[in-house]
Amino acid sequence: SSYPRLTWNPLPGADQYDLWINSVSPAKNPFVRITNLNQSTWTSSTAFPMGQYQAWVRGIAADGTSVTWSERFDFHVSPTPVLTTAANLAFSGLPTITWNAIAGAVRFDVWVDNASTGTSPFDRASVVGTTYTPSKTFGIGKYRFWVRSIDAAGTMSAWSSRLEFSVNTP
């Protein structure tokens, strides 16, 4: 999710918590620093860009003394693209399919199957931007489309939901 939720075990005697999050890729330290959490969970209210992160937490007693930082917790934010082209559309031989932008994604991996012939993959492309139009004309038939985001470190999100469409004009 773009809005990570971190949870840790409550510490006996802790009145509040200090949370520190670094962004590894893209590098920004600290990325988040909150010093007065009164519960042992935190959910970001701001979307994180796609990337790698590190988090630490420590307890703070009512008198202000703090315990040592926790061990580092590594996590990755890799939102799945959401298709914005409506399902079950009919296209000409050069369909154009779009999806939402993902902060931190440097490119997108596109996969198309030809459901009529069983060819998988029928087309595969690396796309910069949020629009795919094939480099070859698709024949009349039914197709299935997926896309996933990729960040600068090469980490990939899960595949989007499947889009089914038809080409009814060569």
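Ser23 touches Lys28, Asn29, Phe31, Gln52 and Tyr53, leaving out residues up to four places away in sequence. Ser23 belongs to strand S2, and its relative accessibility of 1% places it among the buried residues. These statements, like those that follow, refer to a predicted model.

**Confidence of the model**

The mean pLDDT of the protein is 92, and 99% of the residues reach a score of at least 70. Among the elements, strand S9, residues 105-114, has the highest mean pLDDT, 97. The lowest mean, 79, belongs to strand S7, residues 89-91.

**Aromatic residues**

Two of the residues touched by Ser23, Phe31 and Tyr53, also belong to an aromatic cluster, together with Trp42, Phe48, Phe73 and Phe75. In the structure, 18 aromatic pairs are counted. One of them joins Phe48 and Phe75 in a tilted arrangement, with 6.5 Å between the ring centres and 35° between the planes. Phe48 lies in the loop between strand S4 (41-43) and strand S5 (51-60), whereas Phe75 lies in strand S6 (residues 73-77), so the pair ties together parts that are 27 residues apart in sequence. Phe48 has a relative accessible area of 4% and is therefore buried. Phe75 is likewise buried, because its relative accessible area of 13% falls under the 20% limit.

Phe138 and Tyr143 form another tilted pair, with 4.8 Å from centre to centre and 35° between the planes. Both Phe138 and Tyr143 are buried. A ring may also lie beneath a charge: the charged end of Lys136 sits over the ring of Phe122, at 4.3 Å from the centre of that ring.

**Nonpolar cores**

In soluble globular proteins, nonpolar side chains tend to be buried together. The largest nonpolar core in this model comprises 18 residues. Within this core, the residues with the most contacts are Trp99, Val110, Tyr132, Phe145 and Phe165. Strands S9, S12 and S13 (163-167) are the elements that give two or more residues to this core. There is also a second, separate core of 15 residues, which includes Tyr17, Ile34, Ala55 and Val57.

**Salt bridges**

Side chains of opposite charge can pair when their charged atoms come close. Seven salt bridges are found in the whole structure. Three of them are set out below.

| Salt bridge | Closest N to O distance |
|---|---|
| Arg58 and Asp18 | 3.0 Å |
| Asp109 and Arg124 | 2.6 Å |
| Glu164 and Arg162 | 2.9 Å |

The salt bridge between Arg58 and Asp18 links distant parts of the chain, since Arg58 is in strand S5 and Asp18 in strand S2 (residues 16-25), 40 residues apart. Both partners, Arg58 and Asp18, are buried. Together with Arg33, Asp18 and Arg58 are linked in a network of salt bridges.

The salt bridge between Asp109 and Arg124 also links distant parts of the chain: Asp109 is in strand S9 and Arg124 in strand S10 (residues 119-127), 15 residues apart. Asp109 counts as buried because its relative accessibility is 8%. Arg124, by contrast, is partly exposed, with a relative accessible area of 39%.

In the salt bridge between Glu164 and Arg162, Glu164 has a relative accessibility of 31% and so counts as partly exposed. Arg162 is partly exposed as well, with a relative accessible area of 46%.

**An exposed loop residue**

Ile140 lies in the loop between strand S11 (131-132) and strand S12 (141-151). Its relative accessible area is 59%, over the 50% limit, and Ile140 is therefore exposed. Beyond its neighbours within four places in sequence, Ile140 is in contact with Val167, Asn168, Thr169 and Pro170. Phe165, named above among the residues with the most contacts in the largest core, is 25 residues from Ile140 in sequence, and the C-alpha atoms of the two residues are 11 Å apart.

Note on methods
Residues are numbered from 1 along each chain as its sequence is written. This is a predicted model: local features need pLDDT of at least 70, side-chain atom pairs count only at pLDDT 80 or more; totals for chains, interfaces and linings use all residues. Side-chain values use heavy atoms; hydrogens and water are left out. pLDDT is the predictor's confidence in each residue, from 0 to 100. Helices (H or I, at least four residues) and strands (E, at least two) are DSSP runs, numbered from the N terminus. Buried means under 20% relative accessible area, exposed over 50%, partly exposed in between (1.4 Å probe, protein chains only). Contact means heavy atoms within 4.5 Å. Rings of Phe, Tyr and Trp (its six-membered ring) pair if their centres lie within 6.5 Å; planes under 30 degrees apart count as stacked, over 60 as edge-to-face and the rest as tilted. A charge sits over a ring if NZ of Lys or CZ of Arg is within 6 Å of the ring centre and within 35 degrees of the ring normal. A nonpolar core is a set of buried Ala, Val, Leu, Ile, Met, Phe, Trp, Tyr and Cys residues joined through side-chain atoms within 4.5 Å. A salt bridge is a side-chain nitrogen of Lys or Arg within 4 Å of a carboxyl oxygen of Asp or Glu.
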